[in-house]
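Student: Could you take me through one part of this structure slowly, residue by residue where it helps? I would like a close look at a single pairing and at what lies around it.

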Amino acid sequence: MKQVIHPKINESWYKVLAPEFEKDYFIQLKQFLVEEKKHYAIYPPGSMIFNAFNFTPFDEVKVVLLGQDPYHGAGQAHGLCFSVAEGVKPPPSLVNIFKELNDDLGVPIPSHGNLEKWARQGVLLLNATLTVRANQAGSHQQKGWEQFTDTAIKSLSDLRYGLVFILWGNYAQAKETLIDSSKHLILKAPHPSPFSANRGFFGCKHFSKTNKFLAEKGKEPIDWSL
């Protein structure tokens, strides 16, 4: 009998993504994670893997911000891309995001890096890969997560209207093919990493552009302050 997996994911998302949990790739992904946990620390903790979906139900998504991998240091990742739990020092990319936000909208630089407030307002903070082995960046890529998150992105593009997709860096921009640009706003810039932020991330003004678009669509803008 085929294995049925019902992870702890918001019901609005489960309705959209339920077929994925029965596919062979997802069953193999689950088996991979079970084996990984026998030998390594895995981040984020199991209860937080689907946090992006649980903080931002499908019908409440207004903005999609795409990341690549969870942070791989102890205590950093908590299921939202670019975000770290309170009490954890914001990583360099997040520091640069806050600098651009301050320059764009005058929002004060936050004292912490927890982006849950954004997620609760409709900003889906989605990593392409939802888990990682401790201290090994990219270690869970090409294991099935990308197929799952690509389906989530395409479902939003197909079933919703007037969303903002923020694509920072080449990896996120490769997802543009999943998005219908006639229905949604796509914003692209270099990655906020210290290696590329000076090549066009700084000055991209994506925060104000997002809010302008949302207002034009009759939606409540995002309060980006933390």
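Tutor: Let's start with V64, which stands opposite F165 in strand 5. Please keep in mind that this is a predicted model.

V64 belongs to strand 2, and four bridges join strand 2 to strand 5, residues 164-168, with the two running parallel. Another facing pair in this pairing is L65 with I166 of strand 5.

Now turn to strand 2 itself. Five of the five residues of this strand, 63-67, are buried, so strand 2 is largely enclosed by the rest of the structure. Which residues point which way from strand 2? V63, L65 and G67 point one way, V64 and L66 point the other way, and all of them are buried.

Strand 5 has a similar story to tell. Five of its five residues are buried, leaving strand 5 mostly covered. On one side sit V164, I166 and W168, on the other F165 and L167, and both faces are covered, with all of these residues buried. Going back to our opening pair, V64 is buried, and F165 is buried too.

Each of these strands also has another partner. Strand 2 is joined by five bridges to strand 3, residues 123-127, and these two run parallel. Within strand 3, V123 is the residue that V63 stands opposite. Strand 5, for its part, is joined to strand 6 by five bridges, again with the strands running parallel. There, W168 has A189 of strand 6 as its bridge partner.

Strand 2 also takes part in enclosing some empty space. How many cavities of 30 Å³ or more does a search of the whole structure find? The search finds one, and the largest cavity holds about 40 Å³ of space. Its lining is made up of L66, G67, A128, T149, D150, I153, Y171, A172 and K175. At least two lining residues come from each of strand 2, helix 6 and helix 7, the last being residues 170-173. Helix 6 gives the largest share of that lining, with three residues.

Helix 6 is a good place to step outward from, as W145 lies in this helix, which covers residues 145-159. The model has a count of 20 aromatic pairs. One of them is F26 with W145, an edge-to-face pair at 6.0 Å centre to centre, with 85° between the planes. This pair links distant parts of the chain: F26 is in helix 2, residues 24-39, and W145 in helix 6, 119 residues apart. Are F26 and W145 buried or exposed? F26 is buried, and so is W145. Both rings also belong to a cluster linked by ring pairs, made up of W13, Y14, F21, Y25, F26, F50, F53, F58, W145 and F148.

For a contrast in location, follow the chain past strand 6. P194 lies in the loop between strand 6, residues 185-189, and helix 8, residues 206-216. From P194 to F21 there are 173 residues in sequence and 37 Å in space, C-alpha to C-alpha. Setting aside neighbours within four places in sequence, P194 is in contact with P92, S93 and N96.

One last ring is worth finding on your screen: the charged end of R133 sits over the ring of Y40, 3.7 Å from its centre.

To return to where we began, V64 and F165 face each other, in two strands that run parallel and are joined by four bridges.

Definitions and conventions. Residues numbered from 1 in each chain as written. Predicted model: local features only at pLDDT ≥ 70, side-chain atom pairs only at ≥ 80, totals over all residues. Heavy atoms only, no water. Buried < 20%, exposed > 50% of the residue type's maximum accessible area, 1.4 Å probe, protein only. Pairing = 2+ DSSP bridges. Phe/Tyr/Trp six-rings, centres within 6.5 Å; stacked < 30°, edge-to-face > 60°. Lys NZ or Arg CZ within 6 Å of the ring centre and 35° of its normal. Contact = heavy atoms within 4.5 Å. 1 Å grid on protein atoms, 1.4 Å probe; cavity = no way out; pocket = protein on both sides within 12 Å on 5 of 7 lines; lining within 4 Å. Points joined across faces, edges and corners; volume = space filled by probe spheres on them.
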